[in-house]
Amino acid sequence: MPLLLIPLAVLALALLWALLIPIGLIQRYRYGKARRRALGWAVSLGAALSLLSLLLFFAGAWVSGHWVVDAPLYAGAGLLIGLPLGALGLAATRFEDEPKGLYYTPSRWFALGLTALIAARLGYGLWQGLHVWSVQAHGSWLPQQGGLFAVGGLLLGYYVVYTLGVRRRLRRHRRLRERAAQSADIG
């Protein structure tokens, strides 16, 4: 009898996952547009982990290229779109120099656009998954997943440029603070 409950548990987990996706997307948007303090260690760690993620992503795209047609090409194209998008997002970010440190508020439009991109790709993937069982689509689903790599490359490119830009801005902020402190000591 307990073995019969396993499919019900798997179905319940799948339904719970499907119900939590919208909540996760809303939280992603809320956090994506929130004002934050730029902490040196957190920004440096974020930049280092973004670069490491980029290396692992391209290694995964290369390995997946055996099953997914042109996976590294899609990943590179997404990265090439994400890099200038990250620079635009950084330019649209509002930085505030306060006595307690540097604060920044990302653009709500970029946060909304990236969240909408993730939601659209999830929706398209679910739609593809529902139609994979048809006779015409069977066996052709996996080779058509290059869009996943394109979206992943775009997001990674965006966040690599964004975190490196925030790190650069924080370093410049610290240098200006040190110069102001030195000139105050002299004067």
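# Exercises on a predicted chain

Among contacts between residues at least 6 apart in sequence, 78% join residues at least 24 apart in this chain. The model is predicted. The exercises below start with the whole chain and then turn to single residues.

## Exercise 1: The overall build

Describe the secondary structure of the chain, and decide whether the chain is a compact globule or more spread out.

Solution.

- Step 1. Count the elements. The chain has five helices and three strands.
- Step 2. Put them in sequence order. The pattern reads α-β-α-α-β-β-α-α.
- Step 3. Compare the radius of gyration with the globule rule. The chain has 22 Å, and the rule gives 16 Å for 187 residues. The value is well over the rule, so the chain is more spread out than a compact globule.
- Step 4. Look at the box. Along the principal axes, the C-alpha atoms fill roughly 80 × 40 × 30 Å.
- Step 5. Turn to the surface. Buried residues make up 32% of the 187. The chain exposes about 12,500 Å², and carbon and sulfur atoms supply 71% of that area.

## Exercise 2: A nonpolar patch

Find the residues that make the nonpolar surface patch, then place Leu52 and judge its exposure.

Solution.

- Step 1. List the members. They are Leu39, Trp41, Leu45, Leu49, Leu52 and Leu56.
- Step 2. Give the area. The patch covers about 620 Å².
- Step 3. Place Leu52. Helix α2, residues 40–64, holds Leu52.
- Step 4. Judge the exposure. Leu52 has a relative accessible area of 43%. Partly exposed runs between 20% and 50%, so Leu52 is partly exposed.

## Exercise 3: Tyr103 and its surroundings

Decide whether Tyr103 is buried or exposed, and name its contacts.

Solution.

- Step 1. Locate the residue. Tyr103 sits in strand β3, residues 101–105.
- Step 2. Apply the cut-off. Buried means under 20%, and Tyr103 has 13% relative accessibility, so Tyr103 counts as buried.
- Step 3. Read the contacts, leaving aside neighbours within four places in sequence. Tyr103 is in contact with Arg35, Arg36, Arg37, Arg94, Phe95, Glu96 and Glu98.
- Step 4. Check one distance. Thr163 is 60 residues from Tyr103 along the chain, and their C-alpha atoms are separated by 14 Å.

## Exercise 4: Glu96 and the salt bridges of Arg35

Trace the side-chain pairs of Glu96 and Arg35.

Solution.

- Step 1. Recall the principle. Side chains of opposite charge can pair when their charged atoms come close.
- Step 2. Place Glu96. Strand β2, residues 94–98, contains Glu96.
- Step 3. List what Glu96 touches, not counting residues up to four places away in sequence. The residues are Arg35, Gly101, Leu102, Tyr103 and Thr105.
- Step 4. Add a polar contact. The side chains of Glu96 and Arg94 are joined at 3.1 Å.
- Step 5. Take the Arg35 and Glu96 pair. Their side chains form a salt bridge of 3.0 Å, N to O. This pair links distant parts of the chain: Arg35 is in the loop between α1 (2–32) and β1 (36–37), Glu96 is in strand β2, and the two are 61 residues apart.
- Step 6. Take the Glu98 and Arg35 pair. Here the salt bridge is 2.6 Å, N to O. Glu98 in strand β2 and Arg35 in its loop are 63 residues apart.
- Step 7. Judge the exposure. Arg35 is partly exposed at 41% relative accessible area. Glu98 is partly exposed too, with 27%.

## Exercise 5: One more bridge, and the network

Find the salt bridge partner of Arg177, then name the residues joined into one network.

Solution.

- Step 1. Name the partner. Arg177 meets Asp97 in a salt bridge of 2.9 Å, N to O.
- Step 2. Place the pair. Arg177 is in helix α5, residues 146–186, while Asp97 is in strand β2, 80 residues apart.
- Step 3. Set the exposures side by side. Arg177 is partly exposed at 34%. Asp97 is exposed at 53%.
- Step 4. Assemble the network. Salt bridges that share partners join Arg35, Arg94, Glu96 and Glu98.
- Step 5. Give the total. The count comes to four salt bridges.

## Exercise 6: An unusual phi

State what marks the phi of Asp70, and say where Asp70 lies.

Solution.

- Step 1. Read the angle. Asp70 has a positive phi of about 55 degrees, although Asp70 is not a glycine.
- Step 2. Locate the residue. Asp70 is in the loop between α2 and α3 (71–91).
- Step 3. Judge the exposure. At 43% relative accessibility, Asp70 counts as partly exposed.

Methods: Residues are numbered from 1 along each chain as its sequence is written. This is a predicted model: local features need pLDDT of at least 70, side-chain atom pairs count only at pLDDT 80 or more; totals for chains, interfaces and linings use all residues. Side-chain values use heavy atoms; hydrogens and water are left out. Patches are made of residues with over 30% relative accessible area and no salt bridge: like charges are joined within 9 Å, nonpolar side chains (Val, Leu, Ile, Met, Phe, Trp, Tyr) within 5 Å. Accessible areas come from the Shrake-Rupley method with a 1.4 Å probe; for residues, only the protein chains shown count as cover. Helices (H or I, at least four residues) and strands (E, at least two) are DSSP runs, numbered from the N terminus. Buried means under 20% relative accessible area, exposed over 50%, partly exposed in between (1.4 Å probe, protein chains only). The radius of gyration is taken over C-alpha atoms; the globule rule is 2.2 Å times the number of residues to the power 0.38. Contact means heavy atoms within 4.5 Å. A polar contact is a pair of N or O atoms within 3.5 Å; within protein, one must be able to donate a hydrogen and the other to accept it, and residues adjacent in sequence count only if both atoms are side-chain atoms.
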